[in-house]
Amino acid sequence: MIKRAKMGDKEVIIELIMRQKQDYYRLAYTFMKNQDDALDVMEDMILKVYENIKKLHDDTAFYSWSKTILVNCCKNNLRRKNRVILISNIPVGSHEDVFQVKDEQLDIEKHMKKLNQKHLEVLKLRYYLDMDYESIAAILKIPIGTVKSRIHTGLLKLKQSMGVSN
């Protein structure tokens with residue numbers, strides 16, 4: 001299918017992406033925190049995949065390659081809009097519980113904003129999307145050791161910022 005996609009078959013590209021649409025959406029939503037924006041960046045990603053499919057060297061790496069494009073589309077979109085990313089999943093429960101959880105989320109988000117973008121990025125991919133180190137390394141195009149180091153350092157800085165002892 002990748003060979004057909006490289007020859008410019010739009011339908012095959014769409015079919016390949018639709019096979020993993022939930023993964024793409026979750027990844028986009030993690031960055032954008034908004035359904036409409038997540039869908040918009042997915043559209044941007046599909047266009048970029050179509051325009052650049054001939055540059056894909058390893059046909060077996062289509063999904064990691066396209067997810068890297070999606071992450072870059074998210075970053076570009078956020079940079080353009082200069083938006084703040086907030087955690088906005090409010091669990092169902094009593095009002096007191098909802099407000100307490102929301103306060104905790106806002107507190108964590110406030111501390112996460114203090115982190116370096118590189119640390120924030122790997123923490124979101126690891127803990128919001130539950131991605132493994134190899135997938136994070138492939139998407140960000142960095143060594144696995146760098147992923148582990150950034151996660152470790154990011155967590156340490158987050159704990160320090162929040163005043164949590166080890």
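Of the 166 residues of the protein chain, 37% count as buried in this predicted model. The secondary structure amounts to nine helices and zero strands, and read from the N terminus the elements follow the order α-α-α-α-α-α-α-α-α. Among contacts between residues at least 6 apart in sequence, 61% join residues at least 24 apart.

A word on confidence helps in reading what follows. The protein chain has an average pLDDT of 82, and 83% of the residues score at least 70. Among the elements, the highest mean pLDDT, 91, belongs to helix α4 (residues 35–52), and the lowest, 62, to helix α6 (residues 95–112). In the stretch of residues 83–90 the pLDDT is below 50; even so, this stretch has 27 contacts in the model beyond near neighbours in sequence.

Helix α9 (residues 144–162) is a convenient place to begin with the helices. With 19 residues at 1.5 Å a residue, α9 should span 27 Å, and the 27 Å between its end C-alpha atoms agrees with that expectation. Its buried residues are Val 147, Arg 150, Ile 151, Gly 154 and Leu 158. Viewed down the axis of α9, these buried residues fall within an arc of 100°, and they therefore line one face of the helix. The spacing fits a simple rule: an α-helix has 3.6 residues a turn, so residues three or four places apart point the same way. Just after α9 comes Gly 163, whose phi is positive, at about 75°.

Helix α8 (residues 133–140) can be read in a similar manner. Here Ile 136, Ala 137, Ile 139 and Leu 140 are buried. These residues cover an arc of only 165° around the axis, which puts them on the same side of α8. As for their partners, the buried residues of α8 pack against α3, α5 (62–81), α7 and α9.

Helix α7 (residues 117–128) holds Glu 121, an acidic residue that is worth following through the model. Because its relative accessibility is 6%, under the 20% cut-off, Glu 121 counts as buried. Leaving aside residues up to four places away in sequence, Glu 121 touches Phe 31, Lys 75 and Leu 140; the last of these is one of the buried residues of α8. Glu 121 and Ile 136 are 15 residues apart in sequence, and their C-alpha atoms are 9.4 Å apart in space.

Aromatic rings form a further theme, with a count of four aromatic pairs. In one of them, Tyr 25 and Tyr 29, the ring centres are 5.8 Å apart and the planes lie at 35°, so the pair is tilted. That angle falls between the limits of 30 degrees for stacked and 60 for edge-to-face pairs. Tyr 25 and Tyr 29 are four residues apart in helix α3 (residues 21–32), which means that about one helical turn separates them. Both are partly exposed: the relative accessible area of Tyr 25 is 22%, and Tyr 29 has a relative accessibility of 23%. Phe 62 and Tyr 63 make an edge-to-face pair, with 5.2 Å from centre to centre and 80° between the planes. Phe 62 is buried, at a relative accessible area of 2%, whereas Tyr 63 is partly exposed at 24%. These two residues also belong to one aromatic cluster, together with Tyr 24 and Trp 65. Elsewhere, a ring meets a charged side chain: Arg 126 lies over the face of Tyr 133, at 4.5 Å from the ring centre.

Finally, two loop residues stand out for their backbone. Lys 33, in the loop between α3 and α4, has a phi near 60°, a positive value in a residue other than glycine. Asp 130, in the loop between α7 and α8, likewise has a positive phi, near 55°, and is again a residue other than glycine. Their surroundings contrast: Lys 33 is buried, with a relative accessible area of 18%, whereas Asp 130 is exposed, with a relative accessible area of 64%.

Methods. Residues numbered from 1 in each chain as written. Heavy atoms only, no water. Phe/Tyr/Trp six-rings, centres within 6.5 Å; stacked < 30°, edge-to-face > 60°. Buried < 20%, exposed > 50% of the residue type's maximum accessible area, 1.4 Å probe, protein only. Lys NZ or Arg CZ within 6 Å of the ring centre and 35° of its normal. pLDDT = per-residue confidence, 0-100. Contact = heavy atoms within 4.5 Å. Expected span 1.5 Å × (residues − 1). Arc of directions from axis to C-beta.
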